[in-house]
Amino acid sequence: MIRNKRFVFCFIWVFFLSVLNASATTPTFGNGIIYFKSDSSNRFKNLSLNGEWRFFRNEFVHPDSVVLRKDYQLVSASEFWNKQKIDDHYYPSQGFGTFYLQIVIPNSSNWYGLELNEIMSAAECYVDGKLLLKAGKPASNAREEVPEFKTSPILIIPQSDTLDIVIHVSNFNHPNGGFFKSPMFGRFDTIMRSRLWTILIDMFLFASLIMIGVYHIYMFFIYRENKFFFWFGFMSLAYAIRPLFSGAELLVYFFTPSWKTIFSIRFLSLYLASFSFIMYFYTFKATFFSRKLLYIVQLIFLFLILSPFLFNTATFISFLPYFMVFMFILFSYLLYVYFKKSKLKDFQDRIIFAIVIMVVVAAINDYAVNQTYVSHSYLIPYAILVFFIAQADIIGRNLRLALKNVQEFKTKLENQNLYLEELVEKRHKSIVDGYNQIVKANEDLESKKNIIQRQRKLVQTQREKLKNTIDFMPEMLFECSQNGRLIMANIKFYQITGYSKEQLKEGINIFNLFVLDEELQKLKYDLIHYKEIRNQVVSIKDFRNNVIHISISMSVLVEGGFTKGYRGVMIDITGQEVLRKKMLKLQMALEQSMNAVIMFDLSGKIEFANAQFLKIVNLSKNDVLHKDISQFRNPLNNADKESSYWNYLIRGKMWSGNIEFQLESMNKMYFHTTMSPLYGQEEQIEAFLAIMEDVSETIENENARLELLKNLTIREKEITQSMNYARVLQNAIMSSKESLDVYFRHYFIINKPLDIISGDFYYLRSYGSKIILAVADSTGHGTPGAIMSVLGVSLFNEIILQTPELEANEVLKQLRNKIISILANDKNKALRDGIDMALCIIDKENKSVQYSGANRPLIIVPDNEVKLIKPNKQALGANYALSDFDKHCVYYKESCIIYLFSDGITDQFSAESGKKFGRNRLIEMINMVYKLEVNIQEYEIKNTLELWQGTEKQVDDMLMVGIEVSSSF
């Protein structure tokens with residue numbers, strides 16, 4: 001046992017000291033230059049670039065000019081810049097600057113890697129002039145700086161034996177500035193291997209601490225009286241968070257927490273874990289320590305835990321040195337008291353005492369590493385892990401002792417059980433008797449329960465039968481509110497009226513179904529005076545506005561002396577009413593009708609033909625009577641009678657359409673015919689009636705019209721094909737989308753012609769370092785607009801090729817003169833046609849945009865400021881008063897966005913409000929989207945315009961061009 005104790009104790013200290021002595025190999029620097037020598041295998045280990053770098057304070061030096069600069073200072077990359085003296089003065093922690101290092105490598109064919117670790121607070125890394133890593137946005141002031149963590153290794157593929165590394169660094173959010181750890185350089189595979197090892201260690205620490213923490217929390221819920229289980233488990237979970245936000249920073253790869261959030265979590269985990277460690281220490285040996293001291297410690301930790309939420313990042317980070325001093329004093333006091341009270345007589349006390357000393361040493365080391373006094377690794381996670389392992393060993397010893405006690409207690413229980421068995425036997429008999437009584441009572445309850453269930457089932461069955469009876473009654477039953485809103489109706493109601501149950505939820509008003517207002521007013525009058533309505537004949541309309549004749553009976557529903565609603569029954573008598581009216585019409589048709597009328601039986605034999613029919617066909621009754629109705633054919637389907645109108649008639653339906661009629665001795669004739677069945681008293685079909693009108697001449701004219709329509713359709717197709725080809729020709733002479741790809745990286749074009757071809761066009765051409773971009777809106781649209789656009793492009797090319805150095809306003813002036821000259825229809829008068837245009841000349845070298853406009857404005861966003869520049873109110877064509885065009889020039893620092901558009905965008909009407917989209921609404925929309933990616937801007941603008949237009953027709957050609965101009969395009 002003694003050997004095992006010594007082994008555990010020695011293992012803890014050997015592991016701890018081996019981690020403590022780990023440090024990175026430091027190469028030799030000279031004047032900001034480092035030489036790497038290769039061994040025989042052409043490989044070298046990862047090296048820390050912690051020597052002297054060239055540093056340019058308060059200046060972001062461009063990578064192309066940094067080599068030639070001599071006004072640098074040499075600083076060490078192994079510590080913060082505010083901890084280094086230059087000319088007997090320390091750098092301030094907040095500021096910005098440029099680090100430069102030249103590396104001479106042994107072999108340029110290898111792939112190398114550079115790992116920057118943490119740089120406070122934002123940085124950009126250039127290798128041989130190329131931007132390979134951007135962590136946040138370094139800036140010269142706190143307002144523009146955007147801090148960010150990004151520690152991914154950089155892949156370097158050298159082009160020569162020399163690498164120029166330029167790092168722009170700024171810090172306005174941390175109490176220390178510059179490098180937190182020296183950058184690491186080596187072959188890319190060894191860099192990635194080293195990083196993978198770091199990730200594996202962090203994952204091991206995280207998983208180990210989580211398992212230990214969950215285990216101890218679980219133990220706390222089992223043994224509530226041992227609170228040290230809870231504090232030990234909580235400390236494990238708090239420390240488990242640190243590997244996720246330090247070292248390889250695993251969570252930063254999967255999430256994008258803010259710079260302050262990462263620091264807040266780091267410090268919160270440190271404070272919470274430290275507080276849990278103190279509480280564990282206190283609950284483990286509560287009798288050793290003062291409760292007053294505990295209250296003071298709890299107040300201090302409460303302040304520290306709230307500090308990330310109360311102060312900015314630089315402030316709460318600056319508390320760390322004071323926290324370390326406080327912890328050192330506190331732990332020293334705890335160790336003193338623990339040693340004095342326990343005398344370290346027990347092995348468990350000695351192990352805990354040694355591990356607490358280890359934690360104190362690790363905390364001092366981590367503070368020194370954090371302040372860049374030394375270059376060791378962080379030791380707190382390893383010390384805590386060793387502490388957790390030792391704690392697990394202590395718990396194991398306690399569990400073994402507990403098992404021994406359990407075994408002794410088990411023996412005692414066996415003896416006790418012998419006595420209890422006799423007692424249980426007596427109790428069992430009394431329980432059996434009580435159980436039998438309970439079983440009998442349960443049987444009685446079950447019987448009563450079955451009776452109640454049968455009664456409920458019977459009631460439910462009766463309800464369903466009643467509902468089915470109501471639903472399938474031949475009459476239409478309904479119930480409505482006082483204002484006529486339908487509340488309930490049976491299936492027959494929906495079948496007759498054509499409404500659905502879904503429409504009942506939307507609201508059906510019974511009173512709105514009445515056709516005649518006088519019938520509705522009489523019905524309402526009777527209901528208001530509480531008169532019961534019986535068999536009143538009225539006319540209503542169904543869902544398709546067809547008239548239905550019904551016999552209605554209604555009664556008033558009264559509740560509490562007030563009218564609650566109405567209940568009614570409706571019987572469909574449409575068939576009877578129609579039959580009556582048909583019989584009247586039939587009598588009049590037979591007696592006075594000027595139309596041809598025939599009647600035929602169920603077999604299709606003609607039984608009656610009036611004089612008008614005989615006159616039209618020029619036949620006698622003997623020639624027509626008893627002839628088969630198959631002589632009448634549908635001209636669209638010259639098959640037998642069963643394939644056309646006959647199928648309608650035998651099913652009791654009316655048929656109307658054109659038929660042809662021809663006997664052997666007569667010419668073919670056409671009749672517009674309405675056929676309907678005739679019913680007897682038992683509602684059975686007895687015969688069929690056909691009323692016919694001679695439409696032979698109309699049919700012949702219709703055939704001629706159809707032939708003409710066919711020819712017009714062919715002609716329309718030919719014209720459409722011609723316009724499509726004209727669109728191809730128009731696109732061929734105008735600027736293409738591929739030409740924009742040459743000059744601009746980010747842009748979008750929204751082009752929606754009103755017709756197939758458009759009067760709107762955009763123009764793009766370059767000369768020297770300048771780019772001409774224009775958006776034009778020709779008079780009209782379709783073919784006239786397209787002709788004007790082709791004319792505009794041709795004149796534009798002629799002007800630019802002859803005098804490319806013209807200013808924007810001079811280009812518009814010459815273009816206007818040429819258009820007036822070409823469109824003049826006599827010596828003194830020109831056509832009032834022309835072109836509206838917004839013209840921009842973009843100068844990449846001077847970072848400027850020159851603009852001149854003819855009725856078309858410019859919206860420009862230089863350096864995040866939206867501006868509208870108004871044009872001259874005259875078109876490129878004949879005007880009442882010609883004047884010169886104004887020239888405007890806008891300068892930008894980094895980038896700007898240009899929006900050019902035709903009036904089809906702002907003149908589009910809304911289907912909802914009937915108003916135009918307008919220029920102000922367009923500016924508001926650009927204010928909301930200009931900071932987004934250009935492709936997202938295009939989507940948002942298109943979507944907004946489509947929602948605004950809705951079902952409203954497009955009024956004009958639409959064209960909008962948005963271009964982002966920057967120094968990198």
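**Overall features, an antiparallel sheet and a nonpolar surface patch**

Buried residues account for 45% of the 969 residues in the protein chain, which is examined here as a predicted model. The chain contains 24 helices and 38 strands. Of the contacts in the protein chain between residues at least 6 apart in sequence, 65% connect residues at least 24 apart. The accessible surface of the chain amounts to about 53,600 Å², and carbon and sulfur atoms contribute 55% of this area.

One element of the fold is an open sheet of 5 strands, arranged in the order β18-β17-β21-β20-β19 with antiparallel pairing. Strands β18 (486-489) and β19 (533-541) form the edges of this sheet, each of them pairing on one side only, and neighbouring strands are turned by 30° against each other on average when direction is ignored. Strand β17 (residues 476-481) runs antiparallel to β18 and is joined to β18 by 3 bridges; C480 stands opposite L486 of β18. Elsewhere on the sheet, helix α13 (residues 517-528) lies across β19, β20 (547-559) and β21 (562-572), and the helix runs at about 145° to β19.

A separate feature is found at the surface, where L299, L302, L306, F309 and L310 form a nonpolar patch with about 550 Å² of accessible area together. Among these residues, L306 lies in helix α6, which spans residues 291-310. L306 is classed as partly exposed because its relative accessibility is 38%, a value between the 20% limit for buried residues and the 50% limit for exposed ones.

Key: Residues are numbered from 1 along each chain as its sequence is written. This is a predicted model: local features need pLDDT of at least 70, side-chain atom pairs count only at pLDDT 80 or more; totals for chains, interfaces and linings use all residues. Side-chain values use heavy atoms; hydrogens and water are left out. Patches are made of residues with over 30% relative accessible area and no salt bridge: like charges are joined within 9 Å, nonpolar side chains (Val, Leu, Ile, Met, Phe, Trp, Tyr) within 5 Å. Accessible areas come from the Shrake-Rupley method with a 1.4 Å probe; for residues, only the protein chains shown count as cover. A salt bridge is a side-chain nitrogen of Lys or Arg within 4 Å of a carboxyl oxygen of Asp or Glu. Helices (H or I, at least four residues) and strands (E, at least two) are DSSP runs, numbered from the N terminus. Buried means under 20% relative accessible area, exposed over 50%, partly exposed in between (1.4 Å probe, protein chains only). Two strands pair if DSSP finds at least two bridges between them. Axes are lines fitted to C-alpha atoms, for helices over the stretch in contact, and angles run from 0 to 180 degrees between N-to-C directions. Contact means heavy atoms within 4.5 Å.
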